[in-house]
Amino acid sequence: MRVVIADDEADVVAFLKSIVEELGHIAVSYADGNILAQALMRETFDLVILDWNIPGKDGIALLKWMQTALPDHPPVIMMTNRSAKKDISDALNAGADDYITKPEDRSVVAARINAMLRRNAGAGAFDAEAVYGKYHLNRLDQSVTVNAQTVTMTAKEFELADLFFRNADRTLSRNYIMETIWRTNAVLATRTLDMHISRVRAKLDLQPENGFRIFTVFGYGYRLETITSN
């Protein structure tokens, strides 16, 4: 998963980045609230760890902006040295999902990050097996069965399919997909992404009559849409 660290203190960023990466996730950092707002408009993230006093658009302003400007905004953990009860209530009322007062023990921060990511990952996201309509995914052996028929897929094709099903009806940016599956966002790798999406669409027959379809969001990325029958 992709986690934003929004703080202008280098030591705090390094501390949080090491925790996020030890948990197996991707850490992206921003030291300015206005630049972070621009990134949130064009990129997909699973969690934002936000400092109250970040330069530019501050933490509270960013929280309020996200509620109105981003219809599908990521959850936010406010992490700040402010400890007054009013500050905590103000942040939660502005849209924060959790609040951590600096400094905090490394294990506690890791647990809070994990809890937030699991809470927002969707049903079945961390299960060994998951069923999405007629599609049965086994994450242990990376297999997919459709109507009891096993579909032969490469490891990357399975990871891509799993990512889309876990994030059904959520638009994913190209960079998010590339970094999650291939750990790169290189421009030259985008042809690889397009090829793999085409293969996944064809192998799983992701068509409206089967309950799902993948479509391109121009200038942003892709979305697996759930199709409900009338």
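Let me begin with tyrosine 99, which sits in strand β5, residues 98–101, and I should say at once that what we are looking at is a predicted model. Tyrosine 99 counts as buried, since its relative accessibility is 8%, and the cut-off for that word is under 20%. Once its neighbours within four places in sequence are set aside, tyrosine 99 is in contact with Trp52, Met78, Thr80, Arg82, Asp87, Ile88, Ala91 and Arg112. One of these residues, arginine 82, also places its backbone oxygen 2.7 Å from a polar atom of the tyrosine 99 side chain. For a sense of the spacing here, the C-alpha atoms of tyrosine 99 and serine 89 are 9.3 Å apart, while the two residues are separated by 10 places in sequence.

Ala91, which I have just listed as a contact of tyrosine 99, brings us to a pair of helices. Helix α3, residues 59–69, and helix α4, residues 85–94, have axes that come within 8 Å and cross at roughly 25°. How, then, are α3 and α4 oriented to each other? Angles under 35 degrees count as roughly parallel, and α3 and α4 are therefore roughly parallel to each other. On the α3 side the contact is made by Ile60, Leu63, Lys64 and Gln67, and on the α4 side by Asp90, Ala91 and Ala94. By character, the residues of this contact divide into four nonpolar, one polar and two charged. As a general point, an α-helix has 3.6 residues a turn, so residues three or four places apart point the same way.

Next, please look at the loop between β3, residues 47–50, and α3, where we find aspartate 51. Is aspartate 51 buried or exposed? Aspartate 51 is buried, with a relative accessible area of 4%. Leaving out residues up to four places away in sequence, aspartate 51 touches Ala6, Asp7, Asp8, Gly59, Met78, Met79, Thr80 and Lys102. With lysine 102 there is, in addition, a polar contact between the two side chains, at 3.5 Å. Asp51 and Lys102 also belong to a network of salt bridges that links them with Asp7 and Glu9.

Two members of that network, Asp7 and Lys102, are touched by valine 12, again not counting residues up to four places away in sequence. Valine 12 lies in helix α1, residues 10–22, and is buried, with a relative accessible area of 11%. By way of contrast in position, the C-alpha atoms of valine 12 and aspartate 72 are separated by 27 Å, and the two residues are 60 apart along the chain.

Let me turn to the salt bridges more broadly, for which the count comes to 17. In one of them aspartate 162 is paired with arginine 139, and the closest N and O atoms are 3.0 Å apart. This pair links distant parts of the chain, with aspartate 162 in helix α6 and arginine 139 in the loop between β7, residues 135–138, and β8, residues 143–146, 23 residues apart. Aspartate 162 counts as buried at 8% relative accessibility, and arginine 139 is likewise buried, with a relative accessible area of 16%.

A salt bridge also joins lysine 203 to glutamate 157, with 2.7 Å between the closest N and O atoms. Here the link runs from helix α8, which holds lysine 203, to helix α6, which holds glutamate 157, and the two residues are 46 apart. Their surroundings are unlike in exposure, in that lysine 203 is partly exposed, with a relative accessible area of 36%, whereas glutamate 157 is buried, with a value of 2%.

In a further case, glutamate 225 forms a salt bridge with arginine 213, the closest N and O atoms being 2.8 Å apart. Glutamate 225 is in strand β12 and arginine 213 in strand β11, residues 212–217, so the pair ties together parts that are 12 residues apart in sequence.

I will finish with helix α7, residues 174–182, in which Tyr176, Ile177, Met178, Glu179, Thr180 and Ile181 are buried. What do the buried residues of α7 pack against? Their partners are the strands β1, β2, β10 and β12, together with the helices α6 and α8. After α7 comes arginine 183, whose phi is positive, near 55°.

How values were computed. Residues are numbered from 1 along each chain as its sequence is written. This is a predicted model: local features need pLDDT of at least 70, side-chain atom pairs count only at pLDDT 80 or more; totals for chains, interfaces and linings use all residues. Side-chain values use heavy atoms; hydrogens and water are left out. Axes are lines fitted to C-alpha atoms, for helices over the stretch in contact, and angles run from 0 to 180 degrees between N-to-C directions. Helices (H or I, at least four residues) and strands (E, at least two) are DSSP runs, numbered from the N terminus. Angles under 35 degrees count as roughly parallel, over 145 as roughly antiparallel, 65 to 115 as roughly perpendicular and the rest as oblique. Contact means heavy atoms within 4.5 Å. Ala, Val, Leu, Ile, Met, Phe, Trp, Tyr, Cys and Pro count as nonpolar, Asp, Glu, Lys and Arg as charged, and the others, Gly among them, as polar. Buried means under 20% relative accessible area, exposed over 50%, partly exposed in between (1.4 Å probe, protein chains only). A polar contact is a pair of N or O atoms within 3.5 Å; within protein, one must be able to donate a hydrogen and the other to accept it, and residues adjacent in sequence count only if both atoms are side-chain atoms. A salt bridge is a side-chain nitrogen of Lys or Arg within 4 Å of a carboxyl oxygen of Asp or Glu.
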